[in-house]
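The exercises below each set a task and then work through a solution step by step. Please keep the sequence and the structure in view while reading.

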Amino acid sequence: MSTAAPALADGKPGGDEGQPKPPGKMSTVGGARLGEPGTQVKLKPGAPVLPKDLTGRSWIVSDAESGEVLASHNAHWRLPPASTLKMLFADTVLPKFPKTQKHKVALSDMAGIGAGSSMVGIKENETYSVHDLWLGVFLKSGNDAVHVLSAMNDGVPQTVKDMQKHAEDLQALDTHVVSPDGYDAKGQVSSAYDLTLFARSGLQKKDFREYCATATATFPGETKKVTKGKDKGKTKRESFEIQNTNRLLTGAPGVNPYKGIAGVKNGYTTNAGNTFTGVAERNGKVLLVTVMNPSSTETHAVYKETERLFDWGFKASGKVDPVGELVAPKGATGAGKGAPGSGGDDAAGTKNVAHASDDGSSGMGIALGVTGGVLALLAAGVFVIRRRLPLPGQAGRRAPRD
């Protein structure tokens, strides 16, 4: 594992216009060119050129099905990940608890949450389902929800160990986990390459796909006494609406929902800057894009640069030679080349989560189609991707209440 110090978002000298420079040598997991600094791309005749207005310190565009890396920029630069690290948290912890399981929150469950953390609004002595907690993680990037789930998983230190082991199993060797929520911590780093591996692994899980594609949901609030009316003196639990902070999913002033987007996770901290990993589908092609810490002053730069890379990737598909690949987990016998198969958590006949509108203009989230899945690990242990990925376009999606 590289020992290169992480670059910070504080503009320390060392690169063009005061920006840090990437290490001269980085990890070569996935291919030698991915370990070289700078932009890596192999254009064939007629291929579109990369967008010029890209300022991310690190980014990567890859085919979610084949695992081929279409282009990259400092793909293995070890940088602070912010809340995109929650993809690894979810991929590690989601399988451990049924979504219907209930948990009454103790004050100790939320010990150690960093100052200024994003929160969904969990209250001490209230009971939440695991489903509620995951909505808090995925939609509001709630560090309180992460800490409660970590407490259920024998505590933060054990969860960090579990995440680190899972990262190593995925061959995400740029990643060093210190906090399960991605909050700034000394030595906590990942890379655009590793974040893409986390997304690709997580998207194999039906619940992961559904949560990261959910735009809005109802979240349980506090239990309070009714002060008037026929129920005066009784207690009633309130609820409130939450919306996904992924702006390519829900939109924002100056940002339209991206047609075909299906998640995955955004993040921001002082040291990490803005980070984002997204998955999107067009014309049967599914791409993963990760962007870390753009230096542009453009509003919502991380989303705008991700959008440009998606647009380029869909146009460039089949017109570039890959510069590397997304590796399979340790022990898998396939290299993610789209071999046919069945099994995993998405057997044929599973109902689609939502349907797409034709123009992709609703402005709300979309649901990742379940039939066929995005990725599948066969029972035999072969890491493969199903060829037909029914990722619908934009459609308003609310989470069901369990």
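**Exercise 1.** Determine which strands pair with β9, and in which sense they run.

*Solution.* In this predicted model, β9 is joined to strand β10 (residues 285-294) by eight bridges, and the two strands run antiparallel. As a check on the register, take T275, whose bridge partner in β10 is M292. The connection between β9 and β10 is a hairpin with two residues between the strands, and N283 in that turn has a positive phi of about 50°. Turning to the other pairing, strand β8 (residues 261-269) and β9 are also antiparallel, over seven bridges. Here the bridge partner of Y268 in β9 is N274, and the hairpin formed by β8 and β9 has three residues between the strands.

**Exercise 2.** Decide whether strand β9 is largely enclosed or open to the outside, using the burial of its residues.

*Solution.* A residue counts as buried when its relative accessible area is under 20%. In β9, which covers residues 273-282, eight of the ten residues meet this condition, so the strand is largely enclosed by the rest of the structure. For the protein as a whole, 56% of the 402 residues count as buried.

**Exercise 3.** Find the unusual backbone geometry at G263, N125 and D154.

*Solution.* The background to keep in mind is that most residues other than glycine have a negative phi, and most peptide bonds are trans. The first step is the bond between G263 and V264, which is cis, with omega about 25°; V264 belongs to strand β8. The next step is N125, which is not a glycine and yet has a positive phi of about 70°. N125 sits in the loop between β4 (102-104) and β5 (127-129), and is partly exposed, with a relative accessible area of 49%. The last step is D154, where phi is near 70°, again a positive value in a residue other than glycine. D154 is found in the loop between α3 (143-152) and α4 (156-169), and its 67% relative accessibility makes it count as exposed.

**Exercise 4.** Work out which parts of the chain are tied together by the salt bridge between K44 and D321.

*Solution.* The closest N and O atoms of K44 and D321 are 3.6 Å apart, and a salt bridge requires such atoms to lie within 4 Å. K44 lies in the loop between β1 (39-43) and β2 (56-63), while D321 lies in strand β11 (residues 320-321), so the pair ties together parts that are 277 residues apart in sequence. Both ends count as partly exposed, K44 at 34% relative accessible area and D321 at 32%. The structure holds 13 salt bridges.

**Exercise 5.** Identify the salt-bridge network to which R308 and E298 belong.

*Solution.* Begin with the side chains of R308 and E298, which meet in a salt bridge at 2.7 Å, N to O. R308 is in helix α8 (residues 301-316), whereas E298 is in the loop between β10 and α8, ten residues apart from its partner. R308 counts as buried at 18% relative accessibility, but E298, at 28%, counts as partly exposed. Following the shared partners then gives one network, in which salt bridges join D53, E298, K304 and R308.

Technical notes: Residues are numbered from 1 along each chain as its sequence is written. This is a predicted model: local features need pLDDT of at least 70, side-chain atom pairs count only at pLDDT 80 or more; totals for chains, interfaces and linings use all residues. Side-chain values use heavy atoms; hydrogens and water are left out. Buried means under 20% relative accessible area, exposed over 50%, partly exposed in between (1.4 Å probe, protein chains only). Helices (H or I, at least four residues) and strands (E, at least two) are DSSP runs, numbered from the N terminus. Two strands pair if DSSP finds at least two bridges between them.
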